[in-house]
Amino acid sequence: MPIQKGMEVSIAVSEAVKLANVDVISAYPITPQTHIVEHLSELVADGELKAAFIPVESEHSALSAAVGAAAVGARAYTATSSQGLALMHEIMFVASSMRIPLVMTVVNRALSAPINIWNDLSDIMAQRDCGWVQLFAINGQEAVDLTLQAFKIAEDPRVLLPVAVNLDGFVLSHVIEPIELPDQEAVDRFLPVFKPTLRLDPDQPVSMGAFGSPEVFIEVKKQVEEALIGSQKVAAEVWKDFGDIFGRTYKPVESYKAKGAEILLVTMGSITETAMTAVDSMREKGRKVGLIHIRLWRPFPFKEFFQAIREAKCLAVVDRALVPGGVGGPVGLEIKSALFEKKERPYVAEFVAGLGGRDLTVEVFAEMAAKAERYAKTQKEMRYEMIGVREK
Amino acid sequence: MAKIDALHPWKEVPLGCAILEAGNSRQFKTGDWRSKIRPVTDQEKCIKCGMCWIFCPDMAYNQRADGFYDWNSYYCKGCGICARECPKEAIQMIAEEE
Ligand code: SF4
Ligand code: SF4
């Protein structure tokens, strides 16, 4: 039986990549992703992981090389953060539209300027529309588990899409947590060798990434979109298998003390655990506050989301990215649009907070919950509110 | 028009829009949008060096048994590269009828 050991989350993620038995890692180091790829390059150099490590000259090349490797049938992996992810933008679309199954860890960090190496979700939210499956880990164990699951989701013949596993920079990636690394034998049972549906093979030549004229382009896009939407069903199966083998269960949307809650905080990523502590203390004071967190961001799990919020009178959405000039942040935008089809819907208080590594403490969550309750009472018209901005 | 295969419904488009048939670019009629000029070779001047064949970006030249190069209107888009590269100035670009 595997036991829990204290280890840095980045190191644990690299160990998960090793357990997934990847064939090719192509990566360029960038803070705060660095520890992951450094450790992987050590594992390869020490002969502990039999894989090719391609030290490329930029993130554009990192993802391109991973796409190429997956196209020939390798299990391919890369990782990045912030500016590095922005540099991959072009290839993000290429990877999904070419139906390339690969896994990338995104260690979330703010985008410049000003230059900032700390955490928020502006990097991945700028890649929202690239056609990738996008998952968010709230702690180190999830980061490990989601990494293993990501390969199985990506490589399923019904999906064949790239998967991004998101974890917060520093506040999650660099902390030491108790983590259970699964046994290799169990991982091999869970995650068999990748069998590509289509691959570059000199004996059966095909061309990938060719021209697509107006007569075919929209059909290709429809196919990618259906595969992405369909990946949710596959993710559910993968989570079922994972639970059977490893005993930890996963859902696209998770609830915490949501039963009987009138106000629900809506979070993503590692801030969720701080928000849970805030919920605990508000509950102790008799306030009807709960929480949901979105683990599967793309494809958005509409049904499970509606189910999770059905009893709430008010949602306090915590966005850690801004859609400049729009209605607030990407999560708030998604939720408000999703709710538009519902006749009965909760009041949505939308907050943009924690940008560029600004601390989100228990008190800040309590403040947002209190504000949301107040605004809901008067049905205050609001687009969004930025939390913690100094006015003077 | 070049031959276009029956257009697929979205479910039948090959995965990721891959091309499953090797070498089918042969069917692609690049001569479709030829500018209104085309090359003509003067065999009196031609020394069979093959520069036109090498430089043509659309594979519009094929060598015959006698060593001269045949021009193929199916692929030629009238760029004039062959005329420019021919060391003997054996190729002239002439206007085409509408
Ligand atoms: S004009 Fe251009 S395309 Fe036509 S034969 Fe000459 S090189 Fe080839
Ligand atoms: S380049 Fe000129 S000389 Fe050489 S083969 Fe072609 S036409 Fe003849």
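Before anything else, a word on the term domain: the domain bounds I use here come from an automatic or database domain assignment, and the model itself is a predicted one.

With that in place, let me start with the second largest pocket, whose lining draws at least three residues from each of domain 1 (4-246) and domain 2 (253-386) of chain A. The space in this pocket comes to about 380 Å³, and the elements that contribute two or more residues to its lining are helix 5 (89-97) and helix 9 (214-246) of chain A. Which of the elements gives the largest share of that lining? Helix 9 of chain A does, with six residues. In total the pocket is lined by 19 residues, and those lying nearest its centre are Gly131(A), Glu225(A), Leu228(A), Ile229(A) and Arg298(A). Sorted by class, the lining has nine nonpolar, six charged and four polar residues.

Arg298(A), which I have just named among the residues nearest the pocket centre, also takes part in a cis peptide bond, the one that leads to Pro299(A), with omega near -5°. Pro299(A) sits in the loop between strand 12 (296-298) and helix 11 (302-309) of chain A. A cis peptide bond also joins Thr31(A) and Pro32(A), with omega about 0°, and here Pro32(A) belongs to the loop between strand 2 (24-27) and helix 2 (34-45) of chain A. As background, most peptide bonds are trans, and most residues other than glycine have a negative phi. On that second point, please look at Cys17(B), which is not a glycine and yet has a positive phi of about 65°; Cys17(B) is located in the segment before strand 1 (37-41) of chain B.

Returning to helix 9 of chain A, I would like to show you a salt bridge that Asp241(A) forms with Lys152(A), where the closest N and O atoms are 3.7 Å apart. This pair links distant parts of the chain, since Asp241(A) is in helix 9 and Lys152(A) is in helix 7 (residues 140-155) of chain A, with their positions 89 residues apart in the numbering. Over all chains, the structure holds 28 salt bridges.

Finally, let me turn to the surface of chain B, where Met51(B), Trp53(B), Ile54(B), Phe55(B) and Ile81(B) make a nonpolar patch of about 450 Å². Which element gives the most to the nonpolar patch? The answer is helix 1 (residues 51-55) of chain B, with four residues, and Trp53(B) is one of the residues that lie in this helix.

Technical notes. Residues numbered from 1 in each chain as written. Chains lettered and ligands numbered in written order. Predicted model: local features only at pLDDT ≥ 70, side-chain atom pairs only at ≥ 80, totals over all residues. Heavy atoms only, no water. 1 Å grid on protein atoms, 1.4 Å probe; cavity = no way out; pocket = protein on both sides within 12 Å on 5 of 7 lines; lining within 4 Å. Points joined across faces, edges and corners; volume = space filled by probe spheres on them. Nonpolar A, V, L, I, M, F, W, Y, C, P; charged D, E, K, R; others polar. Patch = residues over 30% accessible without salt bridge, like charges linked within 9 Å, V, L, I, M, F, W, Y side chains within 5 Å. Areas by Shrake-Rupley, 256 points an atom, 1.4 Å probe, with all protein chains shown as cover. Salt bridge = Lys/Arg side-chain N within 4 Å of Asp/Glu carboxyl O.
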